[in-house]
Amino acid sequence: MTTQDNPDTTLDPEDWDTFRKRAHAMLDHAIDKMEGAREGRVWTPMPDALKARLQEPLPPTGAPGMRVDEAIRSLMPYGPGNTHPRFFGWVHGSGTPSDMIAEIAAAAMNVNAGGRDQVALYVERQLVQWVRQLFGFPETASGLTVSGTSMATILALKAARDVALDFRSREQGVSGSQLVAYASAETHACVARAFDMLGLGSDALRRVPTDDALRMSTDALETAIGEDRAAGRQPFALVGTAGTVNTGAIDPLNALADIATEHGLWFHIDAAFGASGMLSPVLRPRFSGLERAHSVAFDFHKWMHVNYDAGFVLVRDEEAHRRAFSMRPDYLQHNERGLAAGFPWAVDYGPELSRGFRALKVWAHLMEHGPEKIGASVTRNVEQVRYLAERVDEAQELERLAPVETSICCFRHTAWEGASGAEIDRLNDEIVVRLQEEGIAAPSTTRIGGKLAIRVNITNHRTQLSDVDMLLEEIRRCGRDLSRGNQR
Ligand SMILES: Cc1ncc(COP(=O)(O)O)c(C=O)c1O
């Protein structure tokens, strides 16, 4: 028998009714999980047996679908816990049940959204149009849905690099270039990594010192630009951050835009989670200047709560964006009619030719929840973080380590009298690990001025003030328990 005679090579279900039941059961399970997102533990460590199972080799023959579904269900309790209202670590969004619906539709369509005259491109173009409107960008600006801000940053800075080198870099590379750029010392590591990946090297990114509020110092920036110019180097870009990962600080965007204009620099803004502040009447004024950027990188999956993953790059100069990426070999030529029509395609704005219909869930999410409600949820989080900061300031055993500007409050427990710096650091680290391991809450840590901080980020539409109160109470309890017996 040849494979042509074997009807079993199709991967479609043998029995669609059975498949329908199977899919409905999984959908119910998924809805149950989302409905129960406020309950139970925040993070649950994976059992050893599961870790062992996840090291088994792939069997040559497949398993019955029901068994695979059971295997999938057995994984579902062990994510990081960011759908829970007391997930306060790093900057994670909390997701929404409605996005599951768009994900199902996208899976059923199984489109390749890299190009061709098909609906996915029109949906993504409408999304680009909505983003321009939300951020006050001109009608001519371009954009692309990507996996996250790390990727969006690479794309934006690639366009900036190619503009600076008159696009010769696309064929000739960057060797011998003297390109340098500027970002604050608080800038996310993905910016330096972008420089590394773009062949410029992370040393080409100058880390400009910050002021007391951990925003980029414009005086220090001017000095750095002057020094580089005097040394014969070519400043080409300035990266501002609207919501730093450590403390949520917003660089002085208008002042940076002025300096970029004066020095002919491409002004890029990392607004990974901060961009959502544009939807909040309380925060929006703080983002003045964002609309002046050449490019903005941000995430829908953080403070806008689109389910992972969904980032976006917005570029003011569509032509520069397209010239930095477009490459159309014979088999990808566009046509006036037929499936190869509909220029430009997504592949003209980024490196991916094959890409999923990520834009659908973002489009549906914005349509269903609307910018006003998402903005109200952002405002609610800002109030919760300010409430937390006030409680920290009132508490004798707690010390705030940074100003609160957006969604993050950094503070520490002061331990016992006479505790050394290293002992205080260890105590705070242990408090955070205990809260995570006990499943009570999941803050994370960072260092502010060399001191280990408990870092609480609230970008969570499920969080309530009672969750913040519980976090504080538990931090105090752990602090007391760990300090006991250490008084000198
Ligand atoms: C300020 C900032 N920039 C960039 C990133 C990277 O974003 P992503 O994880 O979506 O790649 C983050 C992530 O938390 C961030 O907070």
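For the classification used here, Asp, Glu, Lys and Arg count as charged, Ala, Val, Leu, Ile, Met, Phe, Trp, Tyr, Cys and Pro as nonpolar, and the others, Gly among them, as polar. The structure is a predicted model.

**Exercise 1. The ligand shell**

Determine how the residues around the ligand divide by class, and which of them come nearest.

*Solution.* Step 1: the shell is made up of 4 nonpolar, 6 polar and 3 charged residues. Step 2: 13 residues surround the ligand, and those that come nearest are Thr149, Ser150, Asp270, Asp299 and Lys302.

**Exercise 2. Polar contacts and burial of the ligand**

Identify which ligand atom lies 2.6 Å from a polar side-chain atom of Ser150, of Asp270 and of Asp299, and state what share of the ligand area the protein buries.

*Solution.* Step 1: the cut-off for a polar contact is a pair of N or O atoms within 3.5 Å. Step 2: Ser150 places a polar side-chain atom 2.6 Å from an oxygen atom of the ligand. Step 3: for Asp270, the partner at 2.6 Å is a nitrogen atom of the ligand. Step 4: for Asp299, the partner at 2.6 Å is an oxygen atom. Step 5: the ligand taken alone exposes 390 Å², of which the protein buries 85%.

**Exercise 3. Two aromatic pairs**

Classify the pair Phe195 and Phe236 and the pair Phe273 and Trp303, and locate each residue in the chain.

*Solution.* Step 1: rings pair if their centres lie within 6.5 Å, and planes under 30 degrees apart count as stacked, over 60 as edge-to-face and the rest as tilted. Step 2: the count of aromatic pairs is 9. Step 3: the ring centres of Phe195 and Phe236 are 6.1 Å apart with planes at 55°, so this pair is tilted. Step 4: Phe195 belongs to helix 8 (residues 189-197) and Phe236 to strand 4 (residues 234-241), 41 residues apart. Step 5: Phe195 is buried at 1% relative accessible area, and Phe236 is buried at 4%. Step 6: Phe273 and Trp303 are also a tilted pair, 6.4 Å centre to centre with 55° between the planes. Step 7: Phe273 lies in the loop between strand 5 and strand 6, and Trp303 in the loop between strand 6 and strand 7, 30 residues apart. Step 8: Phe273 is buried at 2%, and Trp303 is buried at 0%.

**Exercise 4. Ring cluster and charges over rings**

Find which ring lies beneath the charged end of Arg316 and which beneath Arg323, and name the residues of the ring cluster.

*Solution.* Step 1: Arg316 has its charged end over the ring of Phe137, 4.6 Å from the centre. Step 2: Arg323 lies over the face of Phe167, 4.0 Å from the ring centre. Step 3: ring pairs join Phe135, Phe298, Phe300 and Phe312 into a cluster.

How values were computed: Residues numbered from 1 in each chain as written. Predicted model: local features only at pLDDT ≥ 70, side-chain atom pairs only at ≥ 80, totals over all residues. Heavy atoms only, no water. Phe/Tyr/Trp six-rings, centres within 6.5 Å; stacked < 30°, edge-to-face > 60°. Helix = DSSP H or I, 4+ residues; strand = E, 2+ residues; numbered from the N terminus. Buried < 20%, exposed > 50% of the residue type's maximum accessible area, 1.4 Å probe, protein only. Lys NZ or Arg CZ within 6 Å of the ring centre and 35° of its normal. Near = heavy atom within 4 Å. Polar contact = N/O pair within 3.5 Å; in protein donor to acceptor, adjacent residues only side chain to side chain. Areas by Shrake-Rupley, 256 points an atom, 1.4 Å probe, with all protein chains shown as cover.
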